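I opened this notebook to keep track of what I looked up, one topic at a time. My plan is to begin with the sheets and then turn to single residues.

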Amino acid sequence: MSAAASCLLTEDQFLCSICLDVFTDPVAIPCGHNFCKTCITEHWDKNVPCQCPNCKEVFDSRPQLRINTFISEMLSKEDADRDIADGVQVFTALKESVERSQAELIDTIKEKHRKTEKQAEGFIKELEQEISELKKRSTEVKQLSQSEDHLHLLQSFTSLNAAPPTKDWTEVTVHRSSYDGTVRTVLRVVNQLEETLSKQMKKLFEAELKRVQQSAVDLTLDPDTAHPKLILSDDGKQVKHGDVRKKHPDNPERFDICPSVLSKQSFSSGSIYYEVQVKGKTKWDLGVVRESINRKRKNIVNPQNGYWMMCLRNENEYKACADPVVRLSLKSRPEKVGVFVDYEEGLVSFYDVDAAALIYSFTGCCFTEKIYAYFCPSLNYAGKNSAPLIISPVSHTE
């Protein structure tokens with residue numbers, strides 16, 4: 001085997017042996033084996049002592065995870081190649097659609113022009129026929145007028161046929177109405193292009209959602225941060241607003257004013273993704289916040305104050321809590337919202353999971369401390385907004 005051949009990497013070398021998928025945030029452990037950062041972290045959270053899932057080497061203390069830069073740079077190249085291919089596919093489809101529509105439009109105009117020409121040619125032929133008949137009649141009358149035999153003139157004149165019928169050509173036009181459909185054709189073509197673009201964009205968003213879902217994390221709600229009127233489920237996956245203020249220790253982490261709660265898990269690197277069911281609610285807030293937000297007062301919710309949020313108001317008014325606030329126009333009401341965060345890239349994105357559509361993205365975010373997932377089910381308003389926010393298991397899109 002040649003040296004070059006022996007250096008070829010197989011696809012299996014880029015798969016995590018825990019999740020059996022391509023590495024996400026690959027890290028190396030002291031024995032030399034590589035895993036997704038989340039996979040090995042969760043594995044060691046559940047299993048004692050810490051050992052390598054592959055070679056079973058046991059470590060006296062939990063090893064420090066080190067980023068495998070080589071594999072990361074190769075997961076980067078693959079992502080770049082895939083993004084290029086997806087982009088080329090979209091623009092190729094649009095280009096082909098434009099070319100087809102242009103050819104169709106030209107053919108339609110040419111066909112209308114041909115019909116107009118044929119109509120004009122028919123009018124010209126009909127007019128020439130009338131002129132020929134009139135000339136013939138004019139010649140006959142002229143010859144009779146030159147005859148000196150008056151009896152023959154009278155006999156011949158009475159035998160002449162009646163004058164040929166003629167059309168009132170002042171009322172005849174080659175109607176341009178045959179071109180009126182051109183505008184309609186153009187509008188139809190534009191609508192077709194919009195449909196093509198919409199389909200291609202949906203494919204891109206579906207691919208993007210599938211990609212970010214690879215960063216799914218298992219979140220639970222932290223009861224120590226929950227506002228006293230919030231009701232949390234036993235499994236820490238659901239939260240809703242109750243009418244009774246419970247007696248909880250007034251610890252610094254607890255929200256006192258806003259009916260909010262944070263996740264137990266915090267993040268200070270890599271990427272995370274989670275999904276929240278919002279079905280049946282008329283008001284809510286979702287997103288991520290930095291650890292140092294003030295939980296004892298009502299804050300202005302925007303990135304400058306450490307909030308990267310979107311919210312629902314009045315059943316169908318969606319907003320991104322930027323500065324200034326961005327009103328969002330959505331084609332449908334999301335029943336499940338996906339939240340994706342890339343810590344290093346400074347990106348927070350919200351998705352309508354069922355529609356596989358991007359709702360809004362905060363870009364250029366500056367994360368300098370731990371961040372937590374934030375949930376605010378808002379007041380129940382006498383049962384009108386009593387449905388809970390539910391952290392849902394991520395079901396990867398096909």
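**Entry 1: the sheet I looked up first**

I find an open sheet of 6 strands, whose order is 6-15-8-9-10-11 and whose pairing is antiparallel. I keep in mind throughout that I am reading a predicted model. At the edges of this sheet I note strand 6 (261–267) and strand 11 (326–328), each of which pairs on one side only. Going from one strand to its neighbour in this sheet, I read an average turn of 20°, with direction ignored. As a reminder to myself, strands of a sheet pair through backbone hydrogen bonds, and they may do so in a parallel or an antiparallel way.

I then followed one pairing inside the sheet, that of strand 9 (residues 307–313) with strand 10 (residues 317–320), and found that they run antiparallel and are joined by 4 bridges. Which residue in strand 10 is the bridge partner of C311? I looked it up, and the partner is K319.

**Entry 2: the other sheet**

I also find 7 strands that form an open sheet with antiparallel pairing, and I write their order down as 4-5-16-7-12-13-14. Strand 4 (230–232) and strand 14 (357–362) stand at its edges; each has a single partner strand, so one side of each is left without a neighbour in the sheet. The twist from one strand to the next averages 20° here.

At one of these edges I looked at how strand 4 pairs with strand 5 (residues 238–241), and I count 3 bridges in the antiparallel sense. Within that pairing, I231 has K240 in strand 5 as its bridge partner.

**Entry 3: backbone details in the loops**

Following the chain through the loop between strand 10 and strand 11, I come to P324. The peptide bond that leads from D323 to P324 is cis, and its omega is near 5°.

Y381 and A382 caught my attention in the loop between strand 15 (371–376) and strand 16 (389–392). Y381 is not a glycine, and yet I read a positive phi of about 50° for it. For A382, which is not a glycine either, the phi is also positive, at about 55°. Are these residues buried or exposed? Y381 is partly exposed, because its relative accessible area is 39%, whereas A382 is exposed, with a relative accessible area of 85%.

**Entry 4: a lysine without a salt bridge**

I next looked up K281, which lies in the loop between strand 7 (271–277) and strand 8 (284–290). K281 is buried and yet has no salt bridge, since the nearest side chain of opposite charge, that of D285, is 9.2 Å away, while a salt bridge would need the atoms to be within 4 Å. What does the side chain of K281 reach at 3.1 Å? I find that it reaches the backbone oxygen of P377.

**Entry 5: aromatic rings**

Last, I went through the aromatic rings, and the count comes to 9 aromatic pairs. In the pair of Y360 and F362 the ring centres are 5.0 Å apart and the planes stand at 80°, so I enter this pair as edge-to-face. F362 is buried, because its relative accessible area of 5% falls under the 20% cut-off. Elsewhere in my list, F255, Y307 and Y374 are linked into a cluster by ring pairs.

Conventions
Residues numbered from 1 in each chain as written. Predicted model: local features only at pLDDT ≥ 70, side-chain atom pairs only at ≥ 80, totals over all residues. Heavy atoms only, no water. Phe/Tyr/Trp six-rings, centres within 6.5 Å; stacked < 30°, edge-to-face > 60°. Buried < 20%, exposed > 50% of the residue type's maximum accessible area, 1.4 Å probe, protein only. Pairing = 2+ DSSP bridges. Helix = DSSP H or I, 4+ residues; strand = E, 2+ residues; numbered from the N terminus. Axes fitted to C-alpha atoms, helices over the stretch in contact; angles between N-to-C directions. Lys, Arg positive; Asp, Glu negative; His and termini not counted. Polar contact = N/O pair within 3.5 Å; in protein donor to acceptor, adjacent residues only side chain to side chain.
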